Every structure is written in C-alpha cells, then in structure tokens.
Amino acid sequence: MIRKSILGLLGLFFASAASAAWELNMPKGVTELSAETYGLHMMVFWWCVGIGIVVFGVMIISLFKHRKSKGVKPATFSHSTAAEVMWTAIPVVILLLMAVPAAETMVKLEDSRDPDVSIVITGYQWKWHYRYQDEGIGFYSSLARPSLEARPRDSGIDVNSVDNYLLEVDNPLVVPVGAKVRVLMTSNDVVHSWWVPDLAIKKDAVPGIVNEAWFRANEVGTYRGQCAELCGKDHGYMPIVVEVVEPEAYQAWVDTRSEEAAPLARTQ
Amino acid sequence: MTTAVADAHEHDDHGPAKGIGRWLFSTNHKDIGTMYLIFSLTMFFIGGAMAMVIRSELAIPGLQFVHPEFFNSMTTMHALIMVFGAVMPAFVGLANWMIPLMIGAPDMALPRMNNWSFWILPIAFGILLSTLFMPGGAPASGWTMYPPLVLQTGNAFPFLIFSVHLMGLSSIMGAINVIVTIINMRAPDMTLLKMPMFVWTWLITAYLLIAVMPVLAGAVTMLLTDQFFGTSFFLAAGGGDPVMFQHIFWFFGHPEVYIMILPAFGVVSEIIPTFARKKLFGHDSMVYAASCIAFLSFIVWAHHMFTVGMPLTGQLFFMFATMLIAVPTGVKIFNWVATMWRGAMTFETPMLFSLAFVFLFTIGGFSGLMLAIAPADIQYHDTYFVVAHFHYVLVPGSVFAIMAGAYYWLPKWTGHMYNETLGKVHFWASTIFVNLTFFPMHFLGLAGMPRRIPDYSTQFADFNTIASIGAFGFGLSQLIFVWVLLTARKGEKATDRVWEGSHGLEWTVPSPAPYHTFDTPPKARIANESFE
C-alpha cells in the first residue's frame, strides 16, 4: 500500500509537469459579478502586497542594520504620538478605499429581482435536486458513474484516468446564456452549500429556510463546483455541473425534458 | 533579598510533596503550570498524529488509507484537540507559571481551584478520545458542530457534549483565577498600566473566556436537549432554526480566536524587547489595541456566515466591523517593528520564533483582511483558502509564540540553558515546513478546492502533495523540540537574569525558580530599571 502510494507520488510529479494543474488564482468567472468579485480580490491582494513590502521592508532593514554584532547601541525611545496617529489613520483610509467598492458589489449580489429563469435547488445527503419553477421540470443530479466506480478505496481504478474525477454529474443543470437565473436554495436534511466558482455563487442550503442567489452567465460552457458545507460522509462526492447553452438549445432541452415528464405528470 | 530573610525566620519553606501526590493534589502554580504545559504538548502530538492521517489521505487523489467517515472524524477531532487541548492549555500553563512571577505574587489567588481546573482537562479529553472506539465512531461533524449534521453523530454524541462542557468549566475556572490573581496580588507599586504585556493580554483574554465559554456551553446544551429531550431549538421540523446555532456558536467562536492569539501577542511583546535590548514601543497603545481587538471580537461573528443567507444590511455591518479589526492589529505589528528599530538585536531561539511570528502572523492577517471583504469571502468561504488563513494565524501564530515562550522561560524553569543549536535547528525546520504545508493551501482554495473533503479532483493533486510533504516535515521537526526539552537540564547553569536584555520581576528570582517565590511583595520598579 505504502509502496503504491510512493510510486503514485513520483508518477504525479512527472505527470503534473506536463499538465496545467498549478492553478494559483481565483477564476475570473463568466458573470459580471464574478469578474467584480475577482477585481475586489485582486485589489485587496495588491493592497496587502504593498503594505507587506513596506512593513516587512522596514523590518528586514532593521534585522540587518540594528543587530548587536554590528556594535550598535540600542536607542532609548519607546513612544511617538505622531507615528502612532499616523499608523492608525492611514490604515483607516486604506480600509475605506476597500470598503466602498466591496459594499457596491455586495448590493448587486443581493439584487435577485426580475429573473428570467427560477430554479429551486434542494440539497440531499448526498445529491442535488433541481426544479425549474415555471417549466415544470425536476430532476436529481448526483455523482457520475465513472467517478462513483473509481472512488472506493479498493476500486483498482486509477482516478487520474477518470475525466473530471469527482466533478461530473449524471444530470447537469442547464441554463440559457445571458439570462438572469435566480436560484432558491433549501435542504431536505442537513446544511449543504451550492458553490460554482465561475458563477461566483456560494449559498447555503439550510433545512426550513429558503435562500436566494442569482447569476447571469455571459459565456456558453460547462462550469463545475462542489458542495461547500460539510454534510456528512459523502460531502466530497456531491458535485455541481452547470451547462450554459444558447437560448435555442435551452428551449430544445426544456421541450425534451417536459415531454419526458408529461406522462409521469398524468399518472400522478 | 527579603525572601531569604523571611525563610530564615519562619521555617515554613516546605518543598514539594513526594510521589504522585505532588501532582494530583498540587496547589503550587509552578507544578500546575508544568502539568498544563506537558498536557498541552501531549495533546499537540495526538492532534498532530490526526493531522498526519489527514495529510496522508490527501497526499494523492483517490482514497488510500481511510474511509470518508473516519476522515471527517479526524478533521473534527484534530480541531477540537488542537484548540481546546493544545493551544488553550499551553497559554494557561504559561499564565500559571509566569503571571505570579511577573507581578510578584506568591502563587495564584485560588490554588485549589487551579488544581481542579487542570485535572478536569485530562478527564474531558479522556472522554473525547474514548469516542474513537464507540459504535458510530468519533464525532464527524466538524469542530463547529453544526446541526442538523451533528445530531447524526452515533453514541459519541453525548460524550462530545459533556467533554465540551468540561473543557468550558476548566477554562472558566482558569480565567477566574487569572483575573483574581492579577487584580489583587500585584506588587504594591505595580499599577495596571505598569503591568507587563503578557499579564495585560492574559487579563483581557480571561475576560473573553468568562464572557464566551458559557455561551458555548449553552449552545451545546441546546444540541443535547434537541437530541434527547424533544426540544427543537435548531430543528426546522419543530419550528427551530439551524442557523441560530451558527450565530450562537460564532458568538463564542470569534472571541475564541482572540483567546488563542492575545496571549501570543503578550509573549511576543515580552521577547522582542529583551532581544532588541530596547523597551517595548508604545506599551499603553498596545494595551488599548488589545482591548479594542477584544471589544471588536464580539461584534464580528457573522463574518463566518456570509454564505448563510443574511440581510444585506447585516452583511455590510459585519464586513465593516471585521475590517476595523485590521486597525488595532496593525498598531500591534507596527509597534513590534518600532521596538526592533534601532535596537541591538541578537537572534537566540525565542527571538527567532518571535520574529517568524511577526512575519507569518501578518501574512495570516492579510488573508484575514481579504476574507473580511464579503463578496470575495463568498468565493473563499469553506475552501482551503480559509484553512490556509487560520493555520497561518494558529500555527506560525499561536503555536510559534508558545514555542518562543517555552524557549524564553525554560532556563528560568529548569535552571539550565537549553541546547541553543538544536533550538535553532528546530526553529528553521519548523519555519520552512510550516510554510511548505500551509502556503500552497491558499492556491488550492482559490482554485476551488472545498475544505473537509477526503478526496479531490485530480487538478488539485500537486499542491496537496506539497502540503503533505510539508506536514510530515513539520510533524517530525517537533520531535527535535521534545529532545530539547528532555535534555534541558544537561546544559550549563543559567544565571538569574538568563538573558542580557531581560526585564521584569521573573528575572529577579533565582534560576530555577524556587518552589515558593515572593513570600513578601517585591518592588516592581527595580526590575524594570534595566531599560531606564
């Protein structure tokens, strides 16, 4: 077992050199607000880098210049009102510069009025259920079979050979590009959290409570995420896949789904 | 000094009792401090072993060693043991040993309660660790114990609740003792604002403990009644609110993080002036900053809950209040840098750990500021970015400060100098590996890896492998520390002052500190004269 792991480790090191897995940063995403969030993230990051250069710079200069081995005599000052006022006031100003744009984005994130599509998302241990409010479509979405077969400890399947290991589902959520999609989140058992980084949505699905969030995806594509709130043993195995498609393709998908659902509806 | 004279007259200088009774029935602050510190180190290794299980499983994608349930138990137990068993008792141990010596008191004010507050801890953790062998396994709901998930715990559930109760009891008693000692037993000429920083930060911490531990006890008691007595505090089906638990928990939880860092600030504020041979810059503003942080810690709790679905105004309030904490925290960092500035520094092991503390805690502070920005937090929340953040403030933060304090005061405790070379090896190994472990976690979180998962998509493999290598290196490095402690009495005899730049009453008593010190109150002023 251990030898297998070590070989696996070595293999990984060589394999990874070829792949582009060394992702360092948050994705910019495909919605206006995911781009704004990314912008806020980078703004605060660069402020931190700047402050870090100043503070660590002074500290490093001191570490090299003010050491006993250089024969310096320690100074005796231990107080300076001017300095202390300065390094209280400047951070307040910097914080204000960060707080204003952050608050603006926050206001937009919470404005889920006038949606084009409304979807109720219900968390289950350990899968998602999606229900399109106006289209009368509802289905479960769980971990796709290839990942499911590879995940047990003694599956004998190399997880590196599975496409999108742990990030693929049987029935993805399908939404039209450019439409304002409102998602209403709740849960059937414990707290879950629905997270798709490219859509900049992470909202808890809490039993007994309905939470709201929204997104407008500007690019056609497949976006993946995972449950982000510990929800029991298979918390790591309930991914989310959102397919953003052209409006016509969406309509076609809705029609097929409704036809599939129609006989069921009649028998109920 | 006066101590010797008093001894000669009264003939009541009884030494420690013999055998196990010395430890079981001890009311001596030094013995109890030692027991706290040994207990903390033991828990550090038990919690560390659990971290090794976690990092082994996460080293490469796919499940290799454990089942998901057990993995969740490991993350839960690792956190509970490290928070309540390692970090908090270590600071109480340092407080027991050093507060009476620093303020010139003969002992803690309530010695019997001191004994009791220590001995509750092994019982509490005995109960908690026994859950590993229970049907249904150890708690696996995360240390945050969110309902309804925590109510799915097996037989371990009531044991989890009672062990948390006991930890809370122990902390409250310890905190009461610290407050009573500091308020009533200072040397007569030591006014509040003349107290050393470590004493100040502990005084503030003790108030935080008394304020929030009962809140935690209340929250877990409500879980208990929801499970066994038909209440529905947190059960939606009965009209309760699962989110209310999160509010109550974090009302405890956020001050709790300052409980774990304020004493660390105190330790570092003692050490940097000693090795910079210069007085602490802005002593009073340090006190005000620490008080400010303590106050703000009560009104920022919901920044742990930005994704839970709060009203917009609530989110904005908690975002602004959280950002404000950066101001007093910044003041502290600037004051430490100003203390070093134009000092005459040397770099013994305690100073190295303290300097690494200032560097790496600041990095944890930066990621904390990023997390305060609510829209960005929605992306960071419950990812490895958060794991990186709180490990930066807790490991090279709190734990490094504890290590620094241990090296700093060890000669006073044992009467001998520890092995400086090994200490430095321990420092460099710890610092390199701690960064190797936790820095890549920032990238993992930003790239989209959620926390608390036993297996992950293959794109996260590389940084996880690096983090695991770092974690094993860090774990092994701590064995050097144990070796330093085991050989601590083999070094040369320590002088009373131990360090050239030492300041404060603890350095006026002999090394090792006698079993009883300060039978008559000393003059605090004399001890601080070295800088004046």
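**Q&A on a predicted two-chain model**

Q: In this predicted model, what is the strand order of the open five-stranded sheet in chain A?
A: Pairing in this open sheet of chain A is mixed. The twist from one strand to the next averages 20 degrees. Going across its five strands, the order is β3-β2-β1-β5-β8.

Q: Which strands of chain A are the edge strands of that sheet?
A: An edge strand here pairs on one side only. In the order β3-β2-β1-β5-β8 of chain A, that description fits residues 137-141 and 211-215 of chain A. Those edge strands are β3 and β8 of chain A.

Q: Do β1 and β5 of chain A run parallel or antiparallel?
A: Seven bridges join β1 (residues 117-124) to β5 (residues 181-187) in chain A. Along the pair, Ile121(A) stands opposite Met185(A), and Thr122(A) has Thr186(A) as its bridge partner. The two strands run parallel.

Q: In which sense do β5(A) and β8(A) pair?
A: Five bridges hold this pairing. One of the facing pairs puts Leu184(A) in β5(A) opposite Glu212(A) in β8(A). The sense is antiparallel.

Q: How many of the seven residues of β5(A) are buried?
A: β5(A) has β1(A) joined to it by seven bridges, and it pairs with β8(A) over five bridges. The strand is mostly covered, and the buried count is five.

Q: Is Gly123(A) buried or exposed?
A: Gly123(A) sits in strand β1 of chain A. Leaving out residues up to four places away in sequence, it touches Trp128(A), Ser187(A), Asn188(A), His192(A) and Ala205(A). There are 26 other C-beta atoms within 10 Å, and the cut-off is 20 or more, so Gly123(A) is buried.

Q: What separation do the C-alpha atoms of Gly123(A) and Glu243(A) have?
A: Along the chain, Gly123(A) and Glu243(A) are 120 residues apart. In space, their C-alpha atoms are separated by 19 Å.

Q: How many other C-beta atoms lie within 10 Å of Ala213(A)?
A: Ala213(A) belongs to strand β8 of chain A, which is an edge strand of the sheet. Its contacts, not counting residues up to four places away in sequence, are Ser112(A), Val183(A), Met185(A), Ile201(A) and Lys203(A). Ala213(A) is buried, and the number of other C-beta atoms within 10 Å is 22.

Q: How many Å apart in space are Ala213(A) and Glu110(A), C-alpha to C-alpha?
A: In sequence, Ala213(A) and Glu110(A) are 103 residues apart. In space, C-alpha to C-alpha, the figure is 6.9 Å.

Q: Which residues of β4(A) are buried on the two sides of the strand?
A: In a regular strand the side chains alternate between the two faces of the sheet. β4(A) covers residues 173-176, and both of its faces are covered. The buried residues are Leu173(A) and Val175(A) on one side, with Val174(A) and Pro176(A) on the other.

Q: What is the bridge partner of Val175(A) in β10(A)?
A: β4(A) and β10(A) (residues 239-245) run parallel and are joined by four bridges. Val175(A) has as its bridge partner Val244(A).

Q: Are α12(B) and α15(B) roughly parallel or roughly antiparallel?
A: The axes of α12 (residues 349-372) and α15 (residues 420-447) of chain B come within 10 Å and cross at roughly 10 degrees. Their contact divides into four nonpolar, five polar and two charged residues. Angles under 35 degrees count as roughly parallel, so these two helices are roughly parallel.

Q: How is α15(B) oriented against α16(B), roughly parallel or roughly antiparallel?
A: The axes of α15(B) and α16(B) (residues 461-486) come within 8 Å and cross at roughly 155 degrees. The crossing is left-handed, and the contact residues divide into 20 nonpolar, eight polar and no charged. Angles over 145 degrees are the antiparallel class, so α15(B) is roughly antiparallel to α16(B).

Q: Which element gives the most to the side of chain A that touches chain B?
A: The contact takes 83 residues from chain A and 81 from chain B. The side of chain A divides into 46 nonpolar, 22 polar and 15 charged residues. Among the elements supplying at least two residues each are α1, α2 and β7 of chain A, but the one giving the most, with 15 residues, is α3(A).

Note on methods
Residues are numbered from 1 along each chain as its sequence is written. Chains are lettered from A and ligands numbered from 1 in the order in which they are written. This is a predicted model: local features need pLDDT of at least 70, side-chain atom pairs count only at pLDDT 80 or more; totals for chains, interfaces and linings use all residues. Two strands pair if DSSP finds at least two bridges between them. Axes are lines fitted to C-alpha atoms, for helices over the stretch in contact, and angles run from 0 to 180 degrees between N-to-C directions. Angles under 35 degrees count as roughly parallel, over 145 as roughly antiparallel, 65 to 115 as roughly perpendicular and the rest as oblique. Ala, Val, Leu, Ile, Met, Phe, Trp, Tyr, Cys and Pro count as nonpolar, Asp, Glu, Lys and Arg as charged, and the others, Gly among them, as polar. A crossing is left-handed if the near helix is turned anticlockwise from the far one by less than a right angle, and right-handed if clockwise. A residue is buried if 20 or more other C-beta atoms lie within 10 Å of its own, exposed if 12 or fewer, and partly exposed in between; C-beta atoms are placed from the backbone. Two residues are in contact if their C-beta atoms, placed from the backbone, lie within 7 Å.
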